[in-house]
Amino acid sequence: MDREPNRTFFLHYIKAQAKWLFMILLSGFVMSVLTALNKVPSHEILYGMGLCLFLLFCAVAFDYQRVYRKCRALQSMETSAAASADFVLDGLFDWLETSDGPLETQYQRLLMQVLDHKAQMRDEMELKSKELKEYYTMWVHQIKTPISAMRLLLQEKNGEIDLSEELDELFDIERYVEMALQYMRMDSESTDYLLRLTQLDGVVKEVVHKYARLFIRGKIRLDYRNVGTWAYTDEKWLAFVLEQVFSNAVKYTPQGTVSIFMETAHVLAVADNGIGIRPEDLPRVFEKGYTGYNGHADKSSTGIGLYLCSRIMKKLGHGFTIESEPGKGTKVLIAFPQAGEVE
């Protein structure tokens, strides 16, 4: 503690003990008066008062140090709370094992009950959360089967009647189901992020092929030539991020162009000349659930896609930024680590 906090703590301590100190000093004064009335020599009275004051000072100093050390220990645990909650609880339990009186003992018992109840509630919530994630993961995998069957049926009958709109809607369903699955996987303990040297053209072509139907239907021109670049990344998670970026580019680019190119040697760019993003919305596009002006205009926007992309890119150690200007378009930049930056 610094000098000023020490001084403040000392004043608070004296204020808390003021009534007892006053009673002790008053008792000493009364005893001195009584002894003086009984004609006890003044030097003996002063000697007794000095001895009592010395003993009082020692007792107060000892008690002050005891309280001070306890407060320092609690402050240290409070500072460490952000780093490790388990460490704080272990230290708190050790501190609760000692008490200095029946009142403090009762406080400690109540605090122990609260901590036990909190731990029990945390375990119950973790169990419910785990069961819920397992259920939704199973549901997502199960729903993929009827979706695939429906796609086959629609494709078979698409030659007889025009079912392009139905196929597009089914594609959106598949995309939202995949987004839900990745959302649950992202923070799962079983999820591995495998960084390895990957050819970016292979990942980009796979995503472009998947979204080719939407490009054709929206009359959007694709400007893409092989980038011829290798980068350290996780192919599966990168593909998911590119899918979200392409989805937004197609959605907000009416009859325009989407370009894919290397901005620099280690930065992949996906640019469009669509409606762009307003300056007041741009700093918040990575916030969970934030849709902005464009999202309000498009009722199907959820505000989850870019939030997931940002989280995934951070976990992979990739840069992920967006540049945009209303009426001129949007550019998404993905920065990959160089070979020397990968452990």
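1. Secondary structure. The protein chain contains 11 helices and seven strands. The model is a predicted one. Of the chain's 343 residues, 33% count as buried. Among contacts in the protein chain with a separation of 6 or more, 66% come from residues 24 or more positions apart.

2. The sheet. Five strands form an open sheet with the order 2-4-5-7-6, and the pairing is mixed. Strand 2 (221–224) and strand 6 (319–325) stand at the edges. Each of these two has a single partner strand, so one side of each lacks a neighbour in the sheet. From one strand to the next, the twist averages 15°.

3. Strand 2 with strand 4. Strand 4 covers residues 257–264 and pairs with strand 2 in the parallel sense, over four bridges. One residue pair can be named here: R221 has T257 in strand 4 as its bridge partner.

4. Helices on the sheet. Helix 9 packs on the sheet and touches strand 4, strand 5 (267–272), strand 6 and strand 7 (329–335). The direction of helix 9 makes about 20° with that of strand 5. Helix 11 (residues 305–316) also packs on the sheet, where it touches strand 6 and strand 7. The direction of helix 11 makes about 145° with that of strand 6.

5. Strand 4 with strand 5. These two strands pair in the antiparallel sense, over six bridges. A hairpin of two residues joins strand 4 to strand 5. In this pairing, S259 stands opposite A271 in strand 5.

6. A residue of strand 5. Is L268, which lies in strand 5, buried or exposed? L268 has a relative accessible area of 2% and is buried, because buried means under 20%. Leaving out residues up to four places away in sequence, L268 touches V204, V227, L242, I260, F261, M262, V332, L333, I334 and F336. One of these, I334, is 66 residues from L268 along the chain, yet the two C-alpha atoms are separated by 5.1 Å. Two others on the list belong to helix contacts taken up in the next point: V204 is part of helix 7 and L242 is part of helix 9.

7. Helix 7 with helix 9. Helix 7 spans residues 200–210, and its axis comes within 10 Å of that of helix 9, the two crossing at roughly 45°. The two helices are therefore oblique to each other. The crossing of helix 7 past helix 9 is right-handed. On the side of helix 7, the contact is made by L200, V203, V204, E206, V207, V208 and K210. On the side of helix 9, the residues are E235, L238, A239, L242, E243 and F246. Sorted by class, this contact has nine nonpolar, no polar and four charged residues.

8. Helix 6 with helix 9. Helix 9 (residues 235–251) also packs with helix 6 (residues 164–186). Here the angle is about 135° and the axes are 12 Å apart. Why is this pair described as oblique? Angles over 145 degrees count as roughly antiparallel and 65 to 115 as roughly perpendicular, and the angle of about 135° falls in neither range, so helix 6 and helix 9 are oblique to each other. Helix 6 passes helix 9 in a left-handed crossing. From helix 6, the residues R175, E178, M179, Q182, R185 and M186 take part, and they meet W237, F240, Q244 and S247 of helix 9. The residues of this contact divide into four nonpolar, three polar and three charged.

9. A residue of helix 11. G305 has its place in helix 11. With a relative accessibility of 13%, G305 counts as buried, because the cut-off is under 20%. Apart from neighbours within four places in sequence, G305 is in contact with M179 and Q244. M179 belongs to helix 6 and Q244 to helix 9, and both are listed in the contact of those two helices. G305 and E287 are 18 residues apart in sequence, and their C-alpha atoms are 9.9 Å apart in space.

10. Helix 9 in summary. Which strands does helix 9 touch? The strands are 4, 5, 6 and 7. Helix 9 also meets helix 7 in a right-handed crossing and helix 6 in a left-handed one.

How values were computed: Residues are numbered from 1 along each chain as its sequence is written. This is a predicted model: local features need pLDDT of at least 70, side-chain atom pairs count only at pLDDT 80 or more; totals for chains, interfaces and linings use all residues. Side-chain values use heavy atoms; hydrogens and water are left out. Axes are lines fitted to C-alpha atoms, for helices over the stretch in contact, and angles run from 0 to 180 degrees between N-to-C directions. Angles under 35 degrees count as roughly parallel, over 145 as roughly antiparallel, 65 to 115 as roughly perpendicular and the rest as oblique. A crossing is left-handed if the near helix is turned anticlockwise from the far one by less than a right angle, and right-handed if clockwise. Contact means heavy atoms within 4.5 Å. Ala, Val, Leu, Ile, Met, Phe, Trp, Tyr, Cys and Pro count as nonpolar, Asp, Glu, Lys and Arg as charged, and the others, Gly among them, as polar. Two strands pair if DSSP finds at least two bridges between them. Buried means under 20% relative accessible area, exposed over 50%, partly exposed in between (1.4 Å probe, protein chains only).
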